[in-house]
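Work through the exercises below with the sequence and the 3D view at hand. Each task is followed by a solution that goes step by step.

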Amino acid sequence: DIPTSSPPKKQKSTQKTTHSPPSTVVSLIVEARATTISGPFSSTAPQTKLTRLSSHDVCSSSFHAPSVFQTLRNISNTTIQSNNDVIIADAILNQDYFPGVGNVIKVEALHRACVDPRRFVSSLTDLELRRVIRYCREYAMGWLDTGRAPTKFVYNKSICGTCHNASVCMQKMGGGSDKCGAGSGRSTNHAYMARVTFWCTRCQPPEVYNSASNVVTQRQVSESSLSTTNGENLTPDTYHQS
């Protein structure tokens, strides 16, 4: 018999493998397609915008409801003059006016405020507009504090969770995509505001307008009915900022 010998075992190298430190040079490749960038650019503009919007951010610790109110009211006054009014569903979803408000917050806040999402901002009384801002803040902070969205009464529902006997309307509106919400976001830059919206036909009645003068001739939601929600007395200057 021919003796067989096992192949020699490979000896582990005692030399330590050294890795070169990561390069501190970062390469950034930007591909632009049919993009035009014009200048000059201000180094302070981003900080200025951040400072301005921090008081409007619905979840910010420096949230200032009167500032949001004044912004929305100024927008409505400006759009009336240009005959290009904005519906409330678009106004509060616009991140330049009310950053942090998403579609769920929009839908549920308008429901709690008893405001039809198709109404023009200019048609809302000061009390109604303040209520919308307040409930946007309340719903957003409830979501932030618990990590879960508060109760949804109309969002993705077929029957209203508040009155329990009225049907919930569902329609994609906003950003200029809706047909019945005329005047909402004509610019293509606002396409993100075209969202599926829900509202209760009973809790959120529409306003009735005089088509000739665009003035409210009949208010289906009286000021007295808007002064109380769930047993809580609200004054025109009531905000929830905590």
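## Exercise 1: Cysteines and disulfides

Task: find how many disulfides the structure holds, and describe the surroundings of Cys203.

Solution. The structure holds zero disulfides, where a disulfide is a pair of cysteine sulfur atoms within 2.5 Å. Cys203 is accordingly in no disulfide, and the nearest cysteine sulfur, which belongs to Cys200, is 3.7 Å away. Before going on, note that this is a predicted model, in which local features need pLDDT of at least 70 and side-chain atom pairs count only at pLDDT 80 or more, while totals for chains, interfaces and linings use all residues. Residues are numbered from 1 along each chain as its sequence is written, and side-chain values use heavy atoms, with hydrogens and water left out.

The next step is accessibility, for which buried means under 20% relative accessible area, exposed over 50%, and partly exposed in between, with a 1.4 Å probe and protein chains only. Cys203 has a relative accessible area of 17%, so it is buried, whereas Cys59, with a relative accessible area of 33%, is partly exposed.

## Exercise 2: The order of the elements

Task: state how many helices and strands the protein has, and check the length of helix 5.

Solution. Helices (H or I, at least four residues) and strands (E, at least two) are DSSP runs, numbered from the N terminus. The protein has five helices and six strands, and along the sequence they follow the pattern α-α-α-α-α-β-β-β-β-β-β.

Helix 5 covers residues 126–146, which makes 21 residues. The expected span of a helix is 1.5 Å times one less than its number of residues, so for helix 5 it should be 30 Å, and the end C-alpha atoms are indeed 30 Å apart, which agrees. After helix 5 comes Gly147, whose phi is positive, near 80 degrees.

## Exercise 3: Helix 4 and positive phi values

Task: decide whether helix 4 is mostly covered or uncovered, and describe the residue that follows helix 4.

Solution. Helix 4 is mostly covered, since ten of its ten residues are buried; among them are Lys106, Glu108, His111 and Arg112. Helix 4 is followed by Cys114, whose phi is positive, near 60 degrees, although Cys114 is a residue other than glycine. Cys114 lies in the loop between helix 4 and helix 5 and is partly exposed, with a relative accessible area of 23%.

Asn156 also has a positive phi, of about 60 degrees, and is not a glycine. Asn156 is placed in the loop between helix 5 and strand 1, and at 60% relative accessibility it counts as exposed.

## Exercise 4: Aromatic rings

Task: count the aromatic pairs, and say which parts of the protein the pairs Phe63–Phe98 and Tyr155–Phe198 tie together.

Solution. Rings of Phe, Tyr and Trp (its six-membered ring) pair if their centres lie within 6.5 Å; planes under 30 degrees apart count as stacked, over 60 as edge-to-face and the rest as tilted. By this rule there are three aromatic pairs. The rings of Phe63 and Phe98 have centres 6.1 Å apart and planes at 10 degrees, so this pair is stacked. Phe63 lies in the loop between helix 1 and helix 2, and Phe98 in the loop between helix 3 and helix 4, so the pair ties together parts that are 35 residues apart in sequence. Both Phe63 and Phe98 are buried.

Tyr155 and Phe198 form an edge-to-face pair, with 5.2 Å from centre to centre and 65 degrees between the planes. Because Tyr155 lies in the loop between helix 5 and strand 1 and Phe198 in strand 2, this pair ties together parts that are 43 residues apart in sequence. Tyr155 is partly exposed at 22% relative accessible area, while Phe198, at 5%, counts as buried.

## Exercise 5: The nonpolar cores

Task: which element gives the largest share of the largest nonpolar core?

Solution. A nonpolar core is a set of buried Ala, Val, Leu, Ile, Met, Phe, Trp, Tyr and Cys residues joined through side-chain atoms within 4.5 Å. The largest one has 27 residues, and those touching the most other members are Ile88, Ile92, Phe98, Val132, Ile133 and Cys136. Helix 2, helix 3, helix 4 and helix 5 each give two or more residues to this core, and the largest share, seven residues, comes from helix 5. Apart from this core lies another, of nine residues, including Cys160, Cys163, Val168 and Cys203.
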